[in-house]
Amino acid sequence: MAPEAHVMGLFADETAAAGAVEGIKGSRWRLLRTHSPIPSRRLAEAVGVKKSPVGWFTLAGGIIGFFTGFLLAAFTAARWGLIVSGKPVVALVPFFIVGFEFTILFAVFGNVVGLILQTGLPRYRDLETYDPRLSGDQYGVVAACDAAERPALEAFFTGQGATALRAFAGEDEAGRKAHGLSHA
Amino acid sequence: MRALTFNTIDDTVLDTLRPPGWRYWLLIAALFGGVMLGAGCWLYQILVGVGVAGMNNPVHWGTYLINFVFWVGIAHSGTLISAILHLFRAGWRNPIARAAETMTVFAVCIAGLFPFIHLGRVWMVYYMLPLPNQRTLWPNFQSPLMFDVVAISTYLTVSSLFWYTGMLPDLAIIRDRAEGARKKIFTVLSLGWTGRHEQWRHYSRGYLFFAALATPLVISVHSVVSWDFALGVVPGWHTTIFAPYFVAGAIHSGLAMVLTLIIPLRRIFRYERIITVHVLESVAKTIIFTGLIVGFAYGTEFFIAWYSHNPVEMAIFQYRPTGDYAVGFWIMVVCNTLVPLLFFFKAIRTRIGWLFGISILVNIGMWYERFVIIVTSVAHDFLPYAWGLYHPSAIEFGIMIGSFSLFFFLFFLFVKHMPSVSMTEMKEIVHQGADHGA
């Protein structure tokens, strides 16, 4: 397999970055990723990202939480089953409150677990192929090409309005999978 | 005035993280002294017994629970600003969301300390936890006090996670501009955040769910706190309006505390272009709204007492404005409902001095509201021969000073070492061209 180069174009403008993404998608180069200092709807549309599945983790957490809270309250009440003031041992209304609080707590835990699993954080390896300007005011588009095509890719980025370019050594297929890199 | 850009936002916020001068450390030392005073008083109480506090028959709930409710209330507007206003897409919340969230986290921590202090024998706290034991004794989950344990623990956990998650992109900004050990610390704290579209995709969704979950939580938490009182058959407490009344009061006090904190912060850190007068004005307008709700609740309580023809209920509501604690009652009414009406005047709500002064008065009024609710009801309940008065002891004052010192100690440490304004959310405002008055 021919050696691969990864080139990052930095853009001051979101629209230009989105234009570069569109251009790469229709080319022989491979779009690897984009970076932005804020969540960018335009870039997301250009890349074509799907809806995040984090909500399913949140939902699962919430359902588990409700039953955990309600059943914890019911179980502990049943362990000392004295009827007080004629009220049921397993009282629905107060135990629903415990269930509600646990619903929120576990839904948030599910949300956090979903975020960690989906984003892959913490992931410090990515910082090796990153530019600090990307957290400031620059948008980044990273694409892969054969090493011989690197000048053409750099010229493309410059033509799209890139304010700076950076090149990184390419990775093998195993490395790409580990990073969850997309294929155009 | 120059328009805000991504770089000016970063520069302004990062400037605040430069090594502080001696005045800052002097302030921190003074606050630490206050914390030590509170800790010393608590230690003394642990050694001697809870009798060193002024609580006695018939008033067993004193400043410890007053401060508990006060600090939980303060915590509420952080979530209002960060979660509820996020869902409503109110642009003016972005510059103050971080400070408000920080306030929430520290206020809940301090609120959570007070039930421990109130317990007296604090080492017995494990009785409140559902731990398996040989006597099969479990906490009573039918008790509102147990609702409170669950609700406050949940609120602290959720608000802390919400706060940290919201800070991730900002921690990456600091990492990218830091050097040496600081860079290493922020590299770890930012979890390797790089702003990839995949990260933003999940982050934005997750943040939205955080906000959606925090919104009902914040309402439930202060409702649960109100049920600590409302589920007791004590005149002045046993009423169904307590939950919304407490939630509105909590937000009222929290918004006032936001103003109290961000006005000096704005001046010291030169945040005038970020935290604009329009932002402060919007907080003031919300305070008018919450103040009116609180005023309506005060009136409703009196109306219900009169309309019920219940002599005990009527007696307590005659006692509050005319009895032993009448001064506290009138401080509460004036500071919480009448003074905020001054914000109807644009000239007042756009002047920093007025905003700051009124916010302090509302804080005082809201502390007195908790005093009036908690103390007057048990001091003057069903049986005239059991009536009595309550005065906080020096130990209680020491612990109260300690709690306020601890809050400001933590807050001032935070604002000098972490981003006190969300740079990312400010950039979103600038990017969208949304109005925050800049």
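In this predicted model, the side chains of A:H35 and A:R33 are joined by a polar contact of 2.9 Å. A:H35 belongs to strand β2 of chain A, and this briefing starts from that strand. The later groups cover the interface between chain A and chain B, the salt bridges, and one helix residue of chain B.

**Strand β2 of chain A**

- Strand β2 of chain A spans residues 30-35 and is mostly covered, with six of its six residues buried.
- A:H35 has a relative accessible area of 1%; this value is under 20%, so the residue counts as buried.
- Leaving aside residues up to four places away in sequence, A:H35 touches residues of chain A including A:M8, A:L43, A:Y130 and A:V142.
- On the chain B side, A:H35 touches B:T194, B:G195 and B:R196.
- A:L32 is found in strand β2 of chain A as well, and A:L32 is buried with a relative accessible area of 1%.
- A:L32 and A:G110 are 78 residues apart along the chain, and their C-alpha atoms are separated by 29 Å.
- Strand β2 of chain A pairs with strand β3 (residues 139-146) of chain A in the antiparallel sense, over five bridges.
- Within this pairing, A:L31 stands opposite A:A143, a residue of β3(A).

**Salt bridges at the ends of the strand and before it**

- A:R30, in strand β2, forms a salt bridge through its side chain with the side chain of A:E4, at 2.4 Å from N to O.
- A:E4 lies in strand β1 (residues 4-11) of chain A and A:R30 in strand β2, so the salt bridge ties together parts that are 26 residues apart in sequence.
- A:R30 is buried, at a relative accessible area of 14%.
- A:R28 forms a salt bridge with A:E149, and the closest N and O atoms of the two are 2.6 Å apart.
- A:R28 lies in the loop between α1 (14-25) and β2 of chain A, while A:E149 lies in the loop between β3 and α5 (150-159) of chain A, so this pair ties together parts that are 121 residues apart in sequence.
- A:R28 is exposed, with a relative accessible area of 59%.

**The interface between chain A and chain B**

- The contact involves 54 residues of chain B and 59 residues of chain A.
- The two chains bury about 5000 Å² between them, and 69% of this area is on carbon and sulfur atoms.
- There are 22 residue pairs in polar contact between chain B and chain A, counting pairs with both residues at pLDDT 80 or more.
- On the side of chain B that touches chain A, the elements giving two or more residues are α1 (6-15), α5 (144-177), α6 (180-189), α7 (197-230) and α15 (423-432) of chain B.
- Of these, α7(B) supplies the largest share, 18 residues.
- By class, that side of chain B has 25 nonpolar, 18 polar and 11 charged residues.
- How many salt bridges are counted between chain B and chain A? The count is one salt bridge.
- The side chains of A:D126 and B:R196 meet in a salt bridge at 3.2 Å, N to O.
- A:D126 and B:R196 are also linked with A:R123 in a network of salt bridges.

**Salt bridges in the whole structure and in chain B**

- A search of the whole structure finds 18 salt bridges over all chains.
- In chain B, the side chains of B:D15 and B:R18 meet in a salt bridge at 3.2 Å, N to O.
- B:D15 is partly exposed, with a relative accessible area of 40%, whereas B:R18 counts as exposed at 53%.

**B:R349 in helix α12**

- B:R349 is placed in helix α12 (residues 346-349) of chain B.
- Is B:R349 buried or exposed? B:R349 counts as buried, at 12% relative accessibility.
- Not counting residues up to four places away in sequence, B:R349 touches B:E281, B:A284, B:K285, B:F343, B:F344 and B:L355.
- With B:E281, the side chain of B:R349 makes a side-chain polar contact of 2.9 Å.
- B:R349 and B:I46 are 303 residues apart in sequence, and their C-alpha atoms are 46 Å apart in space.

Methods. Residues numbered from 1 in each chain as written. Chains lettered and ligands numbered in written order. Predicted model: local features only at pLDDT ≥ 70, side-chain atom pairs only at ≥ 80, totals over all residues. Heavy atoms only, no water. Buried < 20%, exposed > 50% of the residue type's maximum accessible area, 1.4 Å probe, protein only. Helix = DSSP H or I, 4+ residues; strand = E, 2+ residues; numbered from the N terminus. Pairing = 2+ DSSP bridges. Contact = heavy atoms within 4.5 Å. Buried area = accessible area lost by both parts, 1.4 Å probe. Salt bridge = Lys/Arg side-chain N within 4 Å of Asp/Glu carboxyl O. Polar contact = N/O pair within 3.5 Å; in protein donor to acceptor, adjacent residues only side chain to side chain. Nonpolar A, V, L, I, M, F, W, Y, C, P; charged D, E, K, R; others polar.
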